[in-house]
Structures are given as C-alpha cells and as structure tokens.
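Colleague: I am new to this structure and would like a close look at one part of it, the salt bridges. Please set out the overall build beforehand, so that I can place them.

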Amino acid sequence: MTIQLVDASITFDGVEKVEALKNISLTIEKGECLAILGPSGSGKTTLLNVIGGMLLLTNGEILVDGQALQQLTNSELQTFRRTKIGYIFQDYRLFDQFTVLENVMLPQWPYQAKATIEKKAQTLLTELQISHREKAFPSALSGGEKQRVAIARAMLHQPDILLCDEPTGNLDADNRNNVMEILEALREQGITIIVVTHDQEVAKRGTKELFIRDGELVLPNAKVN
Ligand code: ADP
Ligand code: MG
C-alpha cells in the first residue's frame, strides 16, 4: 500500500502542549522498507501510530492507497487496523499466560475459525523456524525467539503494512540480523515495512532512511540499491 502524509501534524494537549509531529510530508511506496531514526522523544512512535490509524492527526492528511484515514468512521478505522496493519515492538508484548501458538492466534481468534487460524499460525511458526516451541510459554524463550513469535502474530492476518517500533532494541547482533533478514523477506513479498530504530546497522538495511528531530523531518535521504 502507498502511504502519503501531507503536512501531517499532531499536538498533544496536556498541561503543556507538545507538538509531536510538525508538518510532515512524505510518501512511502508499496514494498519499501523505510527506516526512521531520531532521538528519544522526537516523534517516531507517534508517527508509527498515525500510519497505523491508532492516532488521528490534528492537522494535515494521511492517505493510504488514496483513502484519507480522517474520513473513516471509527468502525472502518478499526477494520483498517485489524486487516491492513501489523505491529511489532521492542518489548515483544506477548501474553505470558498463553503458549506461543496461542499468542500468535489471539488477535484473530474473534474473527476467524479456530482451525483456520491454528493452521496459519503453525505455518508461520514453521517459516520463522520457531514451530518446535509452539507449546512453550513466552517466559521460556530467548529475546530472538520472542520477536519471531511476535512477527508471526503480526503477520497472521497478512497485513499490507508492518510497523516495527525498535524491533531489535533488545537483541544481540545475531538475533538482530535474523530479524532484519525476516523483515527483508517480507518486504520482498510486497509488504510495506516501517522500522523505527536507533541502530545504524538496522537503518542501513532499509530502502530509505528518514530522520526526525523534535517532530520535524530533518533529512529525507533516499538510497540507491
Ligand atoms: P519517540 O518514539 O521518538 O521517542 P514519541 O513519539 O513517543 O517519541 O513522543 C514524541 C513526543 O510526544 C514526546 O515529547 C512525548 O512526550 C509526547 N507524547 C507522546 N505521546 C503522548 C501523549 N499520548 N500525550 C502527550 N504527549 C505525548
Ligand atoms: Mg518511541
């Protein structure tokens, strides 16, 4: 899916006003892997949440395949998030009381037949080389294994866009490379990937790098493959 931001701005109204995003304009093409770099508090997570339809803009527009997210009803937005968006996080966010297989199935449990999602979940776990752990609980897994489970969960509904918030922040070099290889393989399947990272090594593997500071785009820097 093509994602287009036009003068996208978000102001949080608290005790103090925070302009978390200021007039961001950019286009992310289908099948791109965009790396977003920037200091802590610069607006990276806010930007991911805007793209995922979790946060609505205060000003400006976000268009996904030409559709303005602001114009969707709440239930259309929910459907957008549930069908088009996958999300992975630095801290994995698995549910400790459920097994690996159950964790992968959980988000789709209310929407699809159990046998169908179980089969899909097992296929994904096999592809991600973690199927031997399907009956384990998250507490028994390494960080790299947990992130592979989280990727399987994010991919179960075959999203068009995968949002990754510091996905390798807690991983050692080997596991970081493994996660990046998985993301690259997904990108080759045509999935649009957006990776927030502090890690130059991770950012270099994207198709494009983008820097944010204080909610502003600093240096859109297209790379030639
Ligand atoms: P990053 O992910 O780059 O560390 P964030 O996008 O989380 O930064 O935050 C950007 C700025 O917006 C920060 O100053 C943060 O404190 C503020 N912020 C984020 N979410 C909220 C919120 N829900 N309410 C108020 N301020 C927020
Ligand atoms: Mg963040």
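Modeller: The chain contains seven helices and 11 strands, in a model that is predicted. The C-alpha trace spans about 45 × 40 × 40 Å along its principal axes. A compact globule of 225 residues would have a radius of gyration near 17 Å, and the chain agrees with this because its own value is 17 Å. Of these 225 residues, 48% count as buried. Among contacts with a separation of 6 or more, 69% are between residues 24 or more positions apart. The chain exposes about 11,100 Å², and 47% of that is supplied by carbon and sulfur atoms.

Now to the charges. There are 23 positive and 29 negative side chains in the chain. The centres of these two sets lie 4 Å apart. The structure holds nine salt bridges, and the pair that deserves the close look here is one of them, Glu184 with Arg205.

In that pair, the closest N and O atoms are 3.0 Å apart. Glu184 belongs to helix 6, which covers residues 173–188, while Arg205 sits in the loop between helix 7 (200–204) and strand 9 (208–213), so the salt bridge ties together parts that are 21 residues apart in sequence. How exposed are the two partners? Glu184 has a relative accessible area of 23%, and Arg205 has 28%. Buried would require a value under 20% and exposed a value over 50%, so each of these residues is classed as partly exposed.

Two further salt bridges can be set beside this one. Arg93 and Asp91 meet through their side chains, with an N to O distance of 3.0 Å. Arg93 is partly exposed, its relative accessible area being 46%. Asp91 is partly exposed as well, at 42%. The other pair is Asp13 and Lys17, whose side chains meet in a salt bridge at 3.9 Å, N to O. That distance counts because the cut-off for a salt bridge is within 4 Å. Asp13 is exposed, and Lys17 is exposed too.

To return to the part under study: Glu184 in helix 6 and Arg205 in the loop after helix 7 are joined across 21 residues of sequence, and both partners are partly exposed.

How values were computed
Residues are numbered from 1 along each chain as its sequence is written. Chains are lettered from A and ligands numbered from 1 in the order in which they are written. This is a predicted model: local features need pLDDT of at least 70, side-chain atom pairs count only at pLDDT 80 or more; totals for chains, interfaces and linings use all residues. Side-chain values use heavy atoms; hydrogens and water are left out. Helices (H or I, at least four residues) and strands (E, at least two) are DSSP runs, numbered from the N terminus. The radius of gyration is taken over C-alpha atoms; the globule rule is 2.2 Å times the number of residues to the power 0.38. Buried means under 20% relative accessible area, exposed over 50%, partly exposed in between (1.4 Å probe, protein chains only). Contact means heavy atoms within 4.5 Å. Accessible areas come from the Shrake-Rupley method with a 1.4 Å probe; for residues, only the protein chains shown count as cover. Lys and Arg count as positive and Asp and Glu as negative; His and the chain ends are not counted. The place of a charge is taken as NZ of Lys, CZ of Arg, CG of Asp or CD of Glu.
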